[in-house]
Amino acid sequence: MYNTLLTHLENGIFTITVNRPDKMNALNKDVIAEIGMAMQEVYTNPEIKSAIITGAGEKAFVAGADITEFTALKKDGGAALARKGAELVFNKIENCPKPVIAAVNGFSLGGGCELAMACHFRVASENAKFGQPEVNLGLIPGYGGTQRLTQLIGKGKAMELMMTADMIGAEEAKALGLVNHVFPIADLIIKTKEILQKIQTKAPLAVGHIISLVNKAAKCDPNGFEDEIDAFGDCFDSEDKIEGTAAFLEKRKPVFKGK
Ligand code: COA
C-alpha cells in the first residue's frame, strides 16, 4: 500500500517503518506524504490503539530531510516545505490522541531527530545517534526542531547542539531527557511494544487528555491549568471512569472501552 513505508498492525500497535535504508531513510516528499497518510490511519482506524515510528535497517532511524530535494528551493519553496511537513506529519503526530512512540534505531539527524521529537516520547537503541546538523548546510531545523529540542532538553543544551551540529549518543540523549530508555538494538521494538501494551490497558480517553494537556504545558500554554480542570471534569462523564473506579473497589482489573 505504501512505497516508502512498511506498516504492520498487531495487538492494536501500528508500527510505521520508514523504508529507504539505502538513503538512510531520509525524508523525501513521498515519505512525508506517506507518513501523513499512515498517521491518518492511526487517527481513524479504531483497531489502532497506539503507534511506533521507526526506521528500516540497523544504521538509521531517519538521517534527515532528503538533502537532494533542497537544491532547487528558494525562500518560498523552503518555507512551504517546512509548513507542509508540520501540517501533514509533525503536528499531526504530536497532537495524535493515541500514543505514538519513536523507536530510534540508529542515526536520528535533522528532520529525523525532529520526527522523533514530534512523537510523544522516544526510546533508543544503544547505537542511536542524535543531532541537528542543519548549520553544516547553511540551514536551521525546519520541522519544529528549534522549539521541540528546547522544550525537551532546555535552552543551553539545545543552543549548543544546534549551533555546533554535534551528534550525541543514546546514553547522553537519555541523560538529557531526549530519550526515556536505551535498549540493545535486538530488543528495541519488543521493549517499545511492552510499553505500549501497558499504556493500552489504561483508559484511552484519559490517555488522550494527557497527551493534549502535556503538549500545552510543553508550549507554556497559559490555558493549560484551566483546560486540565475541564478535561478532569469530562473524565467524570466517561464510562471508563465508572469502570475504573468500580474495578478498583471490586479488586479486579478494569476493562476500558475508550468511551
Ligand atoms: N538526504 C539525502 N541522502 C542522504 C541523507 C540525507 N539526509 N543522509 C544520507 N543520505 C544518503 C547518502 O547520500 C548516501 O547515498 P549514496 O549511497 O547514493 O551516495 C546514502 O544515504 C548512505 O549514506 P552515507 O553518507 O554513505 O553513509 P555513512 O554511514 O557514511 O554516513 C550519515 C551516515 C548519516 C552520518 C551521513 O549520511 C550524513 O551525514 N547524512 C546527512 C545528515 C544530515 O545532514 N541531515 C540533516 C539534513 S537537514
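The following legends accompany close-up views of a predicted model.

**Figure 1. The largest pocket and its lining residues.** The largest pocket of the predicted model holds about 590 Å³ of space. Its lining comprises 29 residues, and those nearest the centre of the pocket are Ala 65, Phe 70, Glu 134, Leu 137 and Leu 139. Two elements, helix 2 (75-94) and helix 3 (111-118), each give two or more residues to this lining. Helix 2 provides the largest share, with five residues. Sorted by class, the lining contains 15 nonpolar, eight polar and six charged residues.

**Figure 2. The residues around the ligand.** The ligand is surrounded by 16 residues, of which Lys 23, Lys 59, Ala 63, Ala 65 and Ile 67 come nearest. This shell consists of 10 nonpolar residues, one polar residue and five charged residues. Ala 65 is named both among the residues that come nearest to the ligand and among those nearest the centre of the largest pocket.

**Figure 3. Polar atoms of the protein beside the ligand.** At Lys 23, a polar atom of the side chain is placed 2.4 Å from an oxygen atom of the ligand. At Ala 63, a polar atom of the backbone lies 3.0 Å from a nitrogen atom of the ligand. The backbone of Ile 67 likewise contributes an N or O atom, at 3.0 Å from a nitrogen atom of the ligand. On its own, the ligand has 870 Å² of accessible area, of which the protein covers 60%.

**Figure 4. Ser 108 in strand 6.** Ser 108 belongs to strand 6, which spans residues 107-109. Ser 108 is classed as buried because its relative accessibility is 0%, and the cut-off for this class is under 20%. From this position, the side chain of Ser 108 reaches the backbone nitrogen of Cys 113 at a distance of 3.5 Å.

**Figure 5. Glu 41 in helix 1.** Glu 41 is part of helix 1, which runs over residues 29-44. Its relative accessibility is 22%, so Glu 41 counts as partly exposed; this class lies between the buried range, under 20%, and the exposed range, over 50%. Asn 25 is separated from Glu 41 by 16 residues in sequence, and the C-alpha atoms of Glu 41 and Asn 25 are 21 Å apart in space.

Definitions and conventions. Residues numbered from 1 in each chain as written. Predicted model: local features only at pLDDT ≥ 70, side-chain atom pairs only at ≥ 80, totals over all residues. Heavy atoms only, no water. 1 Å grid on protein atoms, 1.4 Å probe; cavity = no way out; pocket = protein on both sides within 12 Å on 5 of 7 lines; lining within 4 Å. Points joined across faces, edges and corners; volume = space filled by probe spheres on them. Helix = DSSP H or I, 4+ residues; strand = E, 2+ residues; numbered from the N terminus. Nonpolar A, V, L, I, M, F, W, Y, C, P; charged D, E, K, R; others polar. Near = heavy atom within 4 Å. Polar contact = N/O pair within 3.5 Å; in protein donor to acceptor, adjacent residues only side chain to side chain. Areas by Shrake-Rupley, 256 points an atom, 1.4 Å probe, with all protein chains shown as cover. Buried < 20%, exposed > 50% of the residue type's maximum accessible area, 1.4 Å probe, protein only.
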